[in-house]
Amino acid sequence: MNLEWALQWGWSVLNACLYLLLQPFYYISILIVALSYRRQMLLERKLFHTRLHNWAGETWRVVWSGLIAGLALSALGMFVSVHLTSASIVCLWVTTLLLMLVRVRYLCLAYSVGLLGVAQFALNVAEGWQPVGTLGTSVAAIRGLDIPALLVLVAVLHVAEALLVRWQGGKAATPLFVEGKRGRLVGGYRMEDLWPIPLLLLVPVQGGFALPWTPLFGDGTGYMLAALPVLMGFSSVTLGQLPRQKAVLTSNRLLLYSVALLLLSLLAAWWSPLTLVAALFSFLAHEVLIWYGNMEESRLSPMFVHPEQGLRVLAVLPDSPATAMGILPGEAIYRVNSVVVNSRNELHQALRINSAFCKLEVRNLQGESKFVQRGMYDGDHHQLGVVLAPDADANWAVSIRPASIYRIVAMHLGARRRKGGQASKTESPSLDTIEK
């Protein structure tokens with residue numbers, strides 16, 4: 001009996017994995033990720049004449065970390081049963097892709113499952129309506145969705161997303177020159193990560209294999225595994241915090257959202273009238289998180305602006321002299337070779353005082369001074385490998401606006417050239433962002 005069960009289990013896992021590899025949704029999600037990082041790299045080259053990240057490396061990072069998350073969630077999912085058919089999977093992905101055309105952040109399952117839950121409620125109210133053809137198939141698929149179980153899945157996915165944001169949320173942050181209030185240029189960061197998650201879900205079917213345990217929402221004697229690839233994403237723009245601080249704050253809020261949604265979903269499984277409440281909470285609470293984050297950000301003072309004396313560091317290039325000396329984003333370079341520097345020009349002149357060696361006085365975020373030094377070698381970056389906060393002479397700037405899939409696919413960078421310290425009106429003024 002144990003051998004027979006193991007063979008059935010192994011065959012079901014193999015079949016689900018093959019189905020995952022054959023369907024296009026997982027590959028579409030990886031393509032969207034790769035295009036997003038490619039666009040990010042092009043924007044870095046436009047603004048800073050160098051790249052801070054490698055799009056292929058970043059794509060691989062989120063693919064393998066998403067794979068690990070998918071394995072962990074699939075293992076956890078063995079204790080939760082979800083009524084899911086091929087038509088249901090197509091229905092979920094079509095809804096998600098249609099929402100993505102409106103805004104990229106609507107790729108999140110919180111929106112598609114929540115809206116499908118509202119649609120299911122409306123269709124159940126109009127239970128006498130039975131269309132035929134393709135429309136009838138779609139209506140039947142929506143009516144057959146196990147919304148409470150799917151909302152439990154959304155909640156668990158957001159727990160995984162919160163942990164991924166905490167772990168990796170600041171790694172691919174892109175520095176920006178943004179026009180702040182009153183037209184003044186300030187430095188900031190766009191933080192964007194998308195994780196393709198391959199899921200294997202337990203589905204009750206006639207003739208499936210038996211389980212030695214009873215899963216949550218399980219009401220059948222036989223089960224099989226179904227593949228459901230999803231795309232989770234986090235993106236935000238911060239002008240008043242370090243990327244790491246923003247990632248931790250966002251992670252904490254996502255965890256609170258996940259717990260609240262999980263409790264509502266479990267109550268909805270127990271008392272069906274709460275299904276509509278849980279479905280509405282799924283996407284409305286998500287929007288509230290974004291609105292609150294934007295409002296909080298607007299109240300913060302810009303962090304990446306130059307102090308009265310010294311030069312604020314916006315970012316540090318990898319494998320550069322600045323990295324070797326331990327200079328961090330947000331710190332200010334005060335003295336170079338005993339000379340106080342207040343402009344890029346003064347920084348270059350001070351570095352030329354001793355072309356073979358440099359000594360720096362750097363002030364950290366608490367205003368305390370630290371002294372660092374390093375030999376200079378051929379091939380070292382002429383500006384130590386630091387990206388400084390913008391000044392009035394910056395050539396390029398971006399402004400913040402919601403993202404669209406068109407801009408990602410078309411590699412629309414949203415950067416505009418500035419002339420004489422002012423933005424040129426001949427370029428499109430938009431930086432696409434998502435916040436989650």
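In the predicted model, Leu384 occupies the loop between β8 (369-375) and β9 (386-388). Although Leu384 is not a glycine, its phi is positive, at about 70 degrees. Leu384 counts as buried because its relative accessibility is 0%, below the 20% limit for that class. A second non-glycine residue with positive phi is His49, at about 60 degrees. His49 follows helix α2 and belongs to the loop between α2 and α3. With a relative accessibility of 65%, His49 is classed as exposed, whereas Leu384 is buried.

The protein chain as a whole comprises 12 helices and 14 strands. Its C-alpha atoms fill a box of roughly 80 × 50 × 35 Å along the principal axes. Of its 436 residues, 53% count as buried. The accessible surface amounts to about 20,200 Å², and carbon and sulfur atoms contribute 62% of that area. Among contacts between residues at least 6 apart in sequence, 72% join residues at least 24 apart. Sequence separation and spatial distance can also be given for a single pair: Ala410 and Ile68 are 342 residues apart in sequence, and their C-alpha atoms lie 31 Å apart. Ala410 is located in the loop between α12 (405-409) and β12 (416-419), and its relative accessibility of 42% makes it partly exposed.

Two of the helices were examined for their span. Helix α2, which covers residues 25-48, contains 24 residues and extends 35 Å from its first C-alpha to its last, close to the 34 Å expected at 1.5 Å a residue. Helix α9, covering residues 274-299, contains 26 residues and extends 36 Å between its terminal C-alpha atoms, close to the expected 38 Å. A bend of about 30 degrees occurs in α9 at Phe281. The buried residues of α9 include Leu274, Thr275, Ala278, Ala279 and Ser282 in its earlier part, together with Phe283, Ala285, His286, Ile290, Gly293 and Glu297. In an α-helix there are 3.6 residues a turn, so residues three or four places apart point the same way. The cover over the buried residues of α9 includes three further helices, α5 (109-125), α7 (147-168) and α8 (243-270), as well as strand β3 (223-238).

The structure holds 8 salt bridges. Side chains of opposite charge can pair when their charged atoms come close. In one of these salt bridges, the side chains of Arg61 and Asp193 meet with an N to O distance of 2.7 Å. Arg61 lies in helix α3 (residues 55-77) and Asp193 in strand β2 (residues 185-209), so this pair ties together parts of the chain that are 132 residues apart in sequence. Both Arg61 and Asp193 are buried. Glu58 joins Arg61 and Asp193 in a network of salt bridges.

Helix α9 also takes part in a salt bridge, as Glu287 pairs with Arg105, with the closest N and O atoms 2.4 Å apart. This pair links distant parts of the chain, since Glu287 belongs to helix α9 and Arg105 to the loop between α4 (86-102) and α5, 182 residues apart. The two partners fall into separate accessibility classes: Glu287 is partly exposed, with a relative accessible area of 25%, while Arg105, at 12%, counts as buried.

A further salt bridge is formed by Glu361 and Arg335, whose closest N and O atoms are 2.8 Å apart. Here the pair connects two strands: Glu361 is in β7 (residues 357-363) and Arg335 in β5 (residues 332-336), 26 residues apart. Glu361 is buried, at 8% relative accessibility, and Arg335 is partly exposed, at 30%.

On the surface, Trp11, Leu14, Leu18, Leu21, Leu22 and Tyr27 make a nonpolar patch of about 700 Å². Helix α1 (residues 2-22) gives the most to this patch, with 5 residues. Leu18, which is placed in helix α1, has a relative accessibility of 44% and therefore counts as partly exposed.

Definitions and conventions: Residues are numbered from 1 along each chain as its sequence is written. Side-chain values use heavy atoms; hydrogens and water are left out. Helices (H or I, at least four residues) and strands (E, at least two) are DSSP runs, numbered from the N terminus. The expected span of a helix is 1.5 Å times one less than its number of residues. The bend at a residue is the angle between axes fitted to the seven residues ending there and the seven starting there. Buried means under 20% relative accessible area, exposed over 50%, partly exposed in between (1.4 Å probe, protein chains only). Contact means heavy atoms within 4.5 Å. Patches are made of residues with over 30% relative accessible area and no salt bridge: like charges are joined within 9 Å, nonpolar side chains (Val, Leu, Ile, Met, Phe, Trp, Tyr) within 5 Å. Accessible areas come from the Shrake-Rupley method with a 1.4 Å probe; for residues, only the protein chains shown count as cover. A salt bridge is a side-chain nitrogen of Lys or Arg within 4 Å of a carboxyl oxygen of Asp or Glu.
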